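The following exercises concern a single protein model. Each task is followed by a solution that proceeds step by step.

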Amino acid sequence: MPGRKARATDKPVRRRDQAAATAETVALVLDEESPLPQTAADVEDLARRLRGHINQLGIMVPNEEPALRRAQQLGSAGVPDSYMPSRVYLVQLAKATQELAAAVGTCGSHRAKQQRVQRRWTPGINVLRGAVFALALACLVLAASVPRT
């Protein structure tokens with residue numbers, strides 16, 4: 001069924017895209033060649049993007065993961081108002097996001113396997129049609145075999 005194949009292949013593609021997007025955002029902050037954000041709005045935008053990556057990556061690791069807790073604690077803090085502390089906060093947040101992405105690489109595949117194991121089997125539409133047909137046929141044979149009075 002084409003719908004099932006598309007859903008089965010979407011998850012790895014999304015995970016790969018998420019990892020690439022996270023790496024790009026972290027590179028905007030940590031890369032030596034990228035310039036420092038000039039305005040407070042730039043810092044807020046980068047912090048918002050990093051927080052979004054933390055939220056999306058947090059789903060893929062266990063709640064007990066230290067990298068997740070550290071990233072969530074940094075992400076929940078507000079951006080400082082002054083110039084230097086805001087840039088330091090941004091670098092710390094980017095490093096925590098990078099650590100979380102590395103943790104997803106080690107824990108994410110194990111968690112995906114657990115989710116696949118826990119998933120229930122649901123019958124396809126043709127299986128259901130066949131079961132209804134077999135039940136109707138059995139009822140018809142039973143009704144025909146009952147003696148008439």
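A residue is called buried under 20% relative accessible area, exposed over 50%, and partly exposed in between. The structure shown is a predicted model.

**Exercise 1. Describe the secondary structure and the overall burial of the protein.**

Solution.
- Step 1: The protein contains five helices and zero strands.
- Step 2: Read from the N terminus, the order of elements is α-α-α-α-α.
- Step 3: The protein has 149 residues, and 26% of them count as buried.
- Step 4: The exposed surface amounts to about 10900 Å², of which carbon and sulfur atoms supply 59%.
- Step 5: Of the contacts between residues at least 6 apart in sequence, 74% join residues at least 24 apart.

**Exercise 2. Identify the salt bridge within helix H2 and classify its partners by accessibility.**

Solution.
- Step 1: The criterion is a side-chain nitrogen of Lys or Arg within 4 Å of a carboxyl oxygen of Asp or Glu. Two salt bridges are counted by this rule.
- Step 2: Arg48 and Asp45 form one of them, with an N to O distance of 2.3 Å.
- Step 3: Both residues belong to helix H2 (residues 40-58); because they are three residues apart there, about one helical turn separates them.
- Step 4: Arg48 has 53% relative accessibility and therefore counts as exposed. Asp45, with a relative accessible area of 30%, is partly exposed.

**Exercise 3. Determine which parts of the chain the salt bridge between Glu99 and Arg70 ties together.**

Solution.
- Step 1: The side chains of Glu99 and Arg70 meet at 3.6 Å, N to O.
- Step 2: Glu99 lies in helix H4, whereas Arg70 lies in helix H3 (residues 66-76), so the bridge ties together parts that are 29 residues apart in sequence.
- Step 3: Glu99 is partly exposed, because its relative accessibility is 39%. Arg70 is likewise partly exposed, at 35%.
- Step 4: As a general principle, side chains of opposite charge can pair when their charged atoms come close.

**Exercise 4. Which residues form a nonpolar patch on the surface, and how much accessible area do they have together?**

Solution.
- Step 1: The patch consists of Leu36, Tyr83, Met84 and Val88.
- Step 2: Together these residues have about 410 Å² of accessible area.
- Step 3: Tyr83 is located in helix H4, which spans residues 83-118.
- Step 4: Membership of a patch requires over 30% relative accessible area. Tyr83 has 44% relative accessibility and therefore counts as partly exposed.

Definitions and conventions: Residues are numbered from 1 along each chain as its sequence is written. This is a predicted model: local features need pLDDT of at least 70, side-chain atom pairs count only at pLDDT 80 or more; totals for chains, interfaces and linings use all residues. Side-chain values use heavy atoms; hydrogens and water are left out. Helices (H or I, at least four residues) and strands (E, at least two) are DSSP runs, numbered from the N terminus. Buried means under 20% relative accessible area, exposed over 50%, partly exposed in between (1.4 Å probe, protein chains only). Contact means heavy atoms within 4.5 Å. Accessible areas come from the Shrake-Rupley method with a 1.4 Å probe; for residues, only the protein chains shown count as cover. Patches are made of residues with over 30% relative accessible area and no salt bridge: like charges are joined within 9 Å, nonpolar side chains (Val, Leu, Ile, Met, Phe, Trp, Tyr) within 5 Å.
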